Each structure stands twice: as C-alpha cells, then as structure tokens.
Amino acid sequence: MKMFRLNASILVLIMFGLGLQIAFSHSFLANLVVCCFCLGYLLLSAADLKKLGLVLLFTLPLSLGTWWSFIKFSTQDPWQNALLYTSRLYAYLLLGASLLLSYSLEKILFSLSYRLKLSTTFVYGFLAAANLLSSLKKQLQVIRYSAYSRGTKYHFYRPGIYLRLVVTALSWSEALAQAMTAQGFSEGYPRTRVFSDSLPKWQWGLLFLSLIGYLALVIWT
C-alpha cells in the first residue's frame, strides 16, 4: 500500500486549528470523528504502530482518571461530561501523534521555516539545543561518576547536579555560537535550503475543509 502523508506545515495548522476548536466545543461526536480520522491517517502514513500503542497505553491511566473524576464528582450530566473530556484528551493526543509520528523534529521545523516563515535563527538554535540532549545525558553520568569517586552521591533531587549541568550547558552554548558564526551563520541572513518540501495545493483545501467540517459538526450536534 502506498504511503500517504500530508505536509508537516499543513499538519501543524490542522493540529492548532482543530485544537483551538476542541477546547471550546462540547461535542463528543465531533471529538470521536477527529480521533477516527487521526487513526486512519496514522495507518495510511505507515506510522510506527508500536510507538502509537505505547503512547495510548501510557495515557490510559490519565483517561481513566479523567473519566472517573467526572463520574464521581460532576454535579451535572456526569456521563456526558466524562465522555466529552475523555474524548477531548484522546483527540489532542492523536492530533499530536499524527504530526510527531509522521515527521522528525528536524523536518517539522524546516517545513515551518520554509512554508510559514518561522525564524531560521530559532529553527537552527532549537535544533542545536535538541541535539545536545544526548551529550547532556553523558555529561550527567560523568558528573555523577566524578562525585562518586570523591565519596559523594548525587541523587536526582539534589540541586548541585543541576547547577553543574547548567554551567556545562552555558559553556557549550558559547562554543556553539562561536562555531555557527565561524561557519557563516549570521542572524537575519538567508539560509541555503537543502531539503525538499512538496506541498500540493489540494492540501490547503483539505486544511480549510477539516476546520470548517469540524465547526459544522459541532453546530449540528
């Protein structure tokens, strides 16, 4: 089966557009339709179903807690409120999964930079910080091992370990800024685009259709 994927920028706009409407709507049916469409898209886009299953499994206690709190403590229409807010939780979850399980963070940011004019300074700075997370994890181990060799144990609740991580991150940020400047990355200057980001015109139509369709379904129900 041929893989079907929407453009990352279109997915971001759909996620924010529908997310804003979901926050103010009180339609269980509309939320259910969003969940079904998101699951269908994830299947068509050949998303990692194992990751999706783990996400749904981890959020199961949250959904059960939301359901039970409205059943137990809601003073008006407890069953309706339980269905509404539980479906809203899964609608938000699946909207986010439709984006994050389809594209990497790098492709999402580059698409937003090219299509929606997101600042390239922010994009490259954010990617640089994200790519340093693995190095920070290794540095955390080095800090704990060095402290242990001196007879000191750093647990996660001790502020000293975070202070040392902050100092390390600040020194790395200065080195990173110098390296980017040395490579010709100056703020406000145009970047050379080395990635492809196709966006058929019909996807813009699908964006407006999905937003208007959800609004019409909310009004109808």
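**Close-up views of an all-helical predicted model**

**Figure 1. Overview of the protein chain.** Of the 221 residues of the protein chain, 31% count as buried. The coordinates are those of a predicted model. The chain contains 10 helices and zero strands, and its order along the sequence reads α-α-α-α-α-α-α-α-α-α. About 14,700 Å² of the protein chain is exposed, with carbon and sulfur atoms supplying 68% of that area. Among contacts between residues at least 6 apart in sequence, 75% join residues at least 24 apart.

**Figure 2. The largest nonpolar core.** This core comprises 31 residues. Val34, Leu42 and Ile108 have the most contacts inside the core. Two or more residues are contributed to the core by each of α1 (8-24), α2, α5 (78-100), α6 (105-115) and α10 (201-220).

**Figure 3. The surroundings of Ile108.** Ile108 is one of the residues with the most contacts inside the largest nonpolar core. When residues up to four places away in sequence are not counted, Ile108 touches Ala8, Val12, Leu99, Leu100 and Tyr103.

**Figure 4. A nonpolar patch on the surface.** The patch is formed by Phe28, Leu29, Leu32, Leu83 and Trp220, which together have about 480 Å² of accessible area. Helix α2 (residues 28-44) gives the most to the patch, with three residues. Helix α2 is also among the elements that give two or more residues to the largest nonpolar core.

**Figure 5. Phe28 within the patch.** Phe28 is located in helix α2 and belongs to the nonpolar surface patch. Its relative accessible area is 33%, so Phe28 is classed as partly exposed. Patch membership requires over 30% relative accessible area, a cut-off that the 33% of Phe28 satisfies.

**Figure 6. Positive phi at Asp77.** The phi angle of Asp77 is near 45°, a positive value in a residue other than glycine. Asp77 is situated in the loop between α4 (60-73) and α5. With a relative accessible area of 48%, Asp77 is partly exposed; the class of exposed residues begins over 50%.

**Figure 7. Positive phi at Lys117.** Lys117 is not a glycine, yet its phi is positive, at about 60°. The residue occupies the loop between α6 and α7 (120-131). Lys117 counts as exposed because its relative accessibility is 67%.

Methods: Residues are numbered from 1 along each chain as its sequence is written. This is a predicted model: local features need pLDDT of at least 70, side-chain atom pairs count only at pLDDT 80 or more; totals for chains, interfaces and linings use all residues. Side-chain values use heavy atoms; hydrogens and water are left out. Patches are made of residues with over 30% relative accessible area and no salt bridge: like charges are joined within 9 Å, nonpolar side chains (Val, Leu, Ile, Met, Phe, Trp, Tyr) within 5 Å. Accessible areas come from the Shrake-Rupley method with a 1.4 Å probe; for residues, only the protein chains shown count as cover. A salt bridge is a side-chain nitrogen of Lys or Arg within 4 Å of a carboxyl oxygen of Asp or Glu. Helices (H or I, at least four residues) and strands (E, at least two) are DSSP runs, numbered from the N terminus. Buried means under 20% relative accessible area, exposed over 50%, partly exposed in between (1.4 Å probe, protein chains only). A nonpolar core is a set of buried Ala, Val, Leu, Ile, Met, Phe, Trp, Tyr and Cys residues joined through side-chain atoms within 4.5 Å. Contact means heavy atoms within 4.5 Å.
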